[in-house]
Amino acid sequence: MLNFKWLQGGLYLAALVFTLSSCGSDTEDPCAVEFNQLALLENVADNFISPAYNNLQTKVDSLNDAVNAFCGQPDASKLQALKSSWLSAYIAFQTAKIYEFGPAEDYQLRSSLNNYPVFTSRLEYAVSSQTYNLEIDSFAYTRGFPALDYLLHHDSEAQILTEFADTARQNYLKAVSQQIKQKVDWTQDGWSAYANSFKTTEGLAVGSPLSLLVNQLNQNYELFKNNKLGTPVGAKVSYIAAPEKTEAYYSGQSLILAQTTLSASQALFNGGNGQGLDDYLDATAVQKDGRPLSQLINEQFDAANTALNALNGQSLADNIRNNFEACKSAYAQAQNQVVYLKTDLPAVLCINITYADNTDDGD
């Protein structure tokens with residue numbers, strides 16, 4: 001086993017770690033601990049990232065095939081098959097999008113494939129004018145999975161089929177699907193070349209694999225909290241609800257996407273049967289309020305999951321309209337995790353949070 005010790009961070013970090021360790025732990029310096037970083041990285045690479053990308057690529061290939069079949073003969077049967085393929089790929093994306101570093105960062109996987117709410121007037125203009133470039137920022141909210149959500153679900157099945165008699169609309173659908181496939185293929189290919197470097201580079205400096213992993217676990221979690229829950233419930237605007245800003249608004253499939261993201265984050269934290277961030281925290285013996293920090297984080301994940309599972313049906317928008325207090329509770333439980341995950345965990349592991357909060361990073 002590779003061993004190492006390190007001491008890093010400024011006065012704020014040292015003060016925070018002391019506060020955590022002084023609440024019941026015998027460890028005087030939680031930043032100096034023996035832990036097999038490479039075992040954690042290998043476990044994450046082989047049992048989380050690679051399977052997530054493989055699954056996403058398989059589902060996106062099926063989505064692209066369903067798009068081509070539907071455009072070849074737009075009928076009700078093929079529309080239903082396409083909707084099913086879209087949802088399967090969108091669910092797979094919720095797990096893969098955590099890892100926005102390396103090739104995923106190079107190809108902007110998250111921000112290219114999941115900006116919402118959809119800019120519907122611009123999308124419709126792009127279709128009618130047949131003038132668009134999905135790679136530029138002007139079309140950031142007319143592409144990816146949300147664009148397919150709108151195109152396939154925004155009206156009755158009969159109306160959707162009527163609209164897709166237009167070859168211009170078919171071409172736009174194909175362009176969106178092809179961009180998704182291209183981004184996923186590039187990311188998968190890039191990961192194959194990048195994985196070995198990820199698994200064999202230890203350390204906690206900015207840009208190291210562990211730093212990237214902790215940062216992206218946090219950024220993805222904040223996008224979950226803010227974009228999937230906070231913005232639709234109006235958390236930052238006196239709880240003035242905006243159900244139209246939920247993910248997958250037109251299909252009403254927002255809840256399963258939120259549940260998948262949250263479960264994937266917790267699974268990554270625990271590392272499955274291998275070494276995870278929970279084991280790393282336990283190796284420091286750091287406690288907070290007299291309890292292991294890893295236990296507090298898991299309990300808060302569970303509380304947020306329970307709050308989401310208490311909602312009705314699959315549409316967060318419907319819950320915001322008819323079950324608003326329960327939605328506020330789900331957001332509050334998600335918010336309660338931030339101090340553990342974004343402040344305490346990086347401080348104990350001596351990792352700097354380097355990303356800037358930005359709700360437009362895609363989610």
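Leaving aside its neighbours within four places in sequence, Asp-75 is in contact with Phe-70 and Leu-161 in this predicted model. Asp-75 sits in the loop that runs between helix H2 and helix H3, and its side chain reaches the backbone nitrogen of Lys-78 at a distance of 2.8 Å. Asp-75 is classed as partly exposed because its relative accessible area is 22%, and the cut-off for a buried residue is under 20%. Computed along the chain in residues rather than in space, Asp-75 and Ala-158 are 83 residues apart, yet their C-alpha atoms are separated by 9.4 Å.Helix H7, which spans residues 144-153, is mostly covered, with 10 of its 10 residues buried. Those buried residues are Gly-144, Phe-145, Pro-146, Ala-147, Leu-148, Asp-149, Tyr-150, Leu-151, Leu-152 and His-153. The cover over the buried residues of H7 includes helix H2 (37-72) and helix H3 (76-96), together with H5, H6, helix H8 (157-163) and helix H9 (167-199). H2 and H3, which contribute to that cover, are also the two helices between which the loop holding Asp-75 is found.

H5 and H6, likewise part of what covers H7, are linked by a loop with a backbone feature of its own. Pro-117 lies in this loop, between helix H5 (109-113) and helix H6 (120-129), and the peptide bond that joins Tyr-116 to Pro-117 is cis, with an omega of about 5 degrees.

Two loop residues deserve a look for their phi angles. Tyr-239, which is not a glycine, has a positive phi near 55 degrees, and Asp-289, also a residue other than glycine, has a positive phi of about 55 degrees. The loop that holds Tyr-239 runs between helix H10 (209-233) and helix H11 (254-270), whereas Asp-289 is placed in the loop between strand S1 (287-288) and strand S2 (291-292). Tyr-239 counts as partly exposed because its relative accessible area is 31%, while Asp-289 counts as exposed because its relative accessible area is 61%, the cut-off for exposed being over 50%.

The accessibility of the three loop residues is set out below.

| Residue | Relative accessible area | Class |
|---|---|---|
| Asp-75 | 22% | partly exposed |
| Tyr-239 | 31% | partly exposed |
| Asp-289 | 61% | exposed |

Terms used
Residues are numbered from 1 along each chain as its sequence is written. This is a predicted model: local features need pLDDT of at least 70, side-chain atom pairs count only at pLDDT 80 or more; totals for chains, interfaces and linings use all residues. Side-chain values use heavy atoms; hydrogens and water are left out. Helices (H or I, at least four residues) and strands (E, at least two) are DSSP runs, numbered from the N terminus. Buried means under 20% relative accessible area, exposed over 50%, partly exposed in between (1.4 Å probe, protein chains only). Contact means heavy atoms within 4.5 Å. A polar contact is a pair of N or O atoms within 3.5 Å; within protein, one must be able to donate a hydrogen and the other to accept it, and residues adjacent in sequence count only if both atoms are side-chain atoms.
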